[in-house]
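Student: I have the structure open. Can we go through the reasons behind its labels?
Tutor: Yes, take a look here.

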Amino acid sequence: MIYDSNDIPASAVTVSDNPAPKQNISDLADLKYSSISVKTPKSTLYNFVAIDIETTGLSASKNEIIEVSAIRFRNGRAVEKFLTFTYPKRGIQPDALSVNRITESMVSGSPIFPCIAASLEDFIGNDNIVGHNLEFDLKFLYKYGVNFLKQKRRYYDTLKIAPKVLKRPKKKWDQDLESY
């Protein structure tokens, strides 16, 4: 099912006066990612929060979050979204702008991420977390104050799962082209 994000009710993003403290990324070293297979019952996968972030770069220790999106799924349907820009203290470099197309004017007036970390943590609750290249996103989220380790949950990284679950096309020799 394809969703128009305007059709999904928005969760209020609460801005705290007390920014969440930074956390040590090394705490995530033992984090285990769950896998699925074609035999996994789909009913076990229908309730989760899908997360995606945009950042000013690739290093959680040097760069910042500038947008966070999360969508809650119940019984396989999107039921609520959490979406906000956040202001980076160090600005947005041209190389980041070329990747995510987020400009300084788009984040102007937005809260810094640590001030909305608790709100995102509340939104996630005890749900399982799904994301593409999830390890990258979790490092930034954890570093800047979202402590998702307080709850027991599963983590599904679609970047790691997709090659295992999706069938590869069968190569067939084309005699006319003399190639597969």
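**Aromatic pairs and a covered helix**

Tutor: One aromatic cluster is formed by Y33, Y142, F148 and Y155. Keep in mind that this is a predicted model. Six aromatic pairs occur in the structure.

Student: Why is the pair of Y33 and Y155 called edge-to-face?
Tutor: The planes stand at 65°. The cut-off for edge-to-face is over 60 degrees, so the label applies. The centres are 6.4 Å apart, and pairing needs them within 6.5 Å. Y33 lies in the segment before β1 and Y155 in strand β5, 122 residues apart.

Student: What makes Y155 buried and Y33 partly exposed?
Tutor: Y155 has 4% relative accessibility. Buried means under 20%, so Y155 qualifies. Y33 has 24%. That value falls between 20% and 50%, so Y33 is partly exposed.

Student: Why do F48 and F73 count as stacked?
Tutor: Their planes are 15° apart, with 4.6 Å centre to centre. Stacked requires under 30 degrees, so the pair fits. F48 sits in strand β1, F73 in strand β2. At 15% and 14% relative accessible area, F48 and F73 are both buried.

Student: How do you know that R72 lies over the face of F123?
Tutor: R72 is at 4.2 Å from the ring centre. The distance limit is 6 Å, and the position must also be within 35 degrees of the ring normal. K160 lies over the face of Y33, also at 4.2 Å.

Student: What makes helix α3 mostly covered?
Tutor: Six of its eight residues are buried, F123 among them. The buried residues pack against elements including β1, β2 and α4.

Conventions
Residues numbered from 1 in each chain as written. Predicted model: local features only at pLDDT ≥ 70, side-chain atom pairs only at ≥ 80, totals over all residues. Heavy atoms only, no water. Buried < 20%, exposed > 50% of the residue type's maximum accessible area, 1.4 Å probe, protein only. Helix = DSSP H or I, 4+ residues; strand = E, 2+ residues; numbered from the N terminus. Contact = heavy atoms within 4.5 Å.
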